[in-house]
Amino acid sequence: MVLQWPKYVFLILTVLFVTYSIHIYSLPEGISKNYHPALAAEGRLVWQKYNCQSCHQLFGLGGYLGPDLSNVYSAKGKGPVYINAFTRSGSGQMPAFNPDPNEMNALLEFLKSVDDCGVASPAHFKVKPDGMISNPG
């Protein structure tokens with residue numbers, strides 16, 4: 001008689017995977033969504049249009065010339081007015097961009113959505129020997 005257990009193990013694992021997938025996708029999202037998702041999606045396109053990621057980081061990913069903008073929207077002394085001013089006037093290394101008001105609103109909504117995802121301080125991340133990062137905080 002041929003052993004049938006590999007088929008049963010496969011069947012059990014498949015049922016568990018499908019059940020877990022249904023469970024995960026039926027849960028409400030953990031993000032509070034204090035932003036407008038469609039406008040934030042447009043803002044991501046503005047972020048890409050002006051190639052912001054070449055100089056700035058979001059949650060430690062991106063360029064190193066400018067500061068990390070993960071939590072700039074809610075940072076004390078910063079926020080939408082600060083972001084708008086720097087985007088329009090530039091600084092020593094940052095060129096002045098002139099997005100139209102709709103693009104600026106969308107970019108602000110995108111940065112608000114990024115900020116709403118969590119807190120990141122890449123300056124305090126530790127790089128592990130395998131190249132992964134951990135947040136000791």
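**Figure 1. The whole chain, and how much of it is tucked away.** Buried residues make up 26% of the 137 residues in this protein chain. Keep in mind as you look that this is a predicted model. The chain has four helices and four strands, and if you follow it along the sequence you will meet them in the pattern α-α-β-β-α-α-β-β. Now think about contacts between residues at least 6 apart in sequence: 51% of them join residues at least 24 apart.

**Figure 2. Helix H1, a helix largely in the open.** Helix H1 runs over residues 5-26 and has 22 residues. From its first C-alpha to its last, H1 reaches 31 Å, close to the 32 Å expected at 1.5 Å a residue. How many of the residues of H1 are buried? The number is one of the 22, so H1 lies largely in the open.

**Figure 3. Helix H4 and its buried residues.** Helix H4 has 16 residues, and the distance from its first C-alpha to its last is 22 Å, close to the 22 Å expected at 1.5 Å a residue. Look along H4 for its buried residues, which include Met104, Leu107, Leu108, Leu111 and Val114. Glu103, Glu109 and Asp115 are also among the buried residues of H4. What covers the buried residues of H4? The cover includes H2, E1 and H3. A handy rule for reading any α-helix is that it has 3.6 residues a turn, so residues three or four places apart point the same way.

**Figure 4. Aromatic rings that meet across the chain.** There are three aromatic pairs in the structure. In one of them, Trp47 and Phe110 form a tilted pair, 5.7 Å centre to centre and with 50° between the planes. This pair links distant parts of the chain, since Trp47 belongs to helix H2 (residues 37-49) and Phe110 to helix H4 (residues 101-116), 63 residues apart. Are Trp47 and Phe110 buried or exposed? Both of them are buried.

Now turn to Tyr50 and Phe97. Their ring centres are 5.3 Å apart and their planes stand at 70°, so this pair is edge-to-face. It too links distant parts of the chain: Tyr50 sits in the loop between H2 and strand E1 (57-58), while Phe97 sits in the loop between H3 and H4, 47 residues apart. Phe97 counts as partly exposed because its relative accessibility is 24%, and buried would mean under 20%.

**Figure 5. Thr87 and the residues around it.** Thr87 is found in helix H3, which covers residues 80-89. Why does Thr87 count as buried? Its relative accessible area is 9%, and the cut-off for buried is under 20%. Setting aside neighbours within four places in sequence, you can find Thr87 in contact with Met94, Pro95, Ala96, Phe97, Pro99 and Met104. Two of these names may be familiar: Phe97 from its pairing with Tyr50, and Met104 as a buried residue of H4.

**Figure 6. The largest pocket and its lining.** The largest pocket holds about 560 Å³ of space. It is lined by 28 residues, and those closest to its centre are His56, Pro67, Leu69, Phe86 and Met94. Which elements give two or more residues to this lining? They are H3 and H4, and H3 gives the most, with four residues. Sorted by character, the lining residues divide into 18 nonpolar, eight polar and two charged.

How values were computed
Residues are numbered from 1 along each chain as its sequence is written. This is a predicted model: local features need pLDDT of at least 70, side-chain atom pairs count only at pLDDT 80 or more; totals for chains, interfaces and linings use all residues. Side-chain values use heavy atoms; hydrogens and water are left out. Buried means under 20% relative accessible area, exposed over 50%, partly exposed in between (1.4 Å probe, protein chains only). Contact means heavy atoms within 4.5 Å. Rings of Phe, Tyr and Trp (its six-membered ring) pair if their centres lie within 6.5 Å; planes under 30 degrees apart count as stacked, over 60 as edge-to-face and the rest as tilted. On a 1 Å grid over the protein atoms alone, a cavity is a set of points where a 1.4 Å probe fits but cannot get out, and a pocket is an open set with protein on both sides within 12 Å along at least five of seven lines; lining residues have an atom within 4 Å of a point. Grid points are joined across faces, edges and corners, and a volume is the space filled by probe spheres set on the points. Ala, Val, Leu, Ile, Met, Phe, Trp, Tyr, Cys and Pro count as nonpolar, Asp, Glu, Lys and Arg as charged, and the others, Gly among them, as polar. The expected span of a helix is 1.5 Å times one less than its number of residues.
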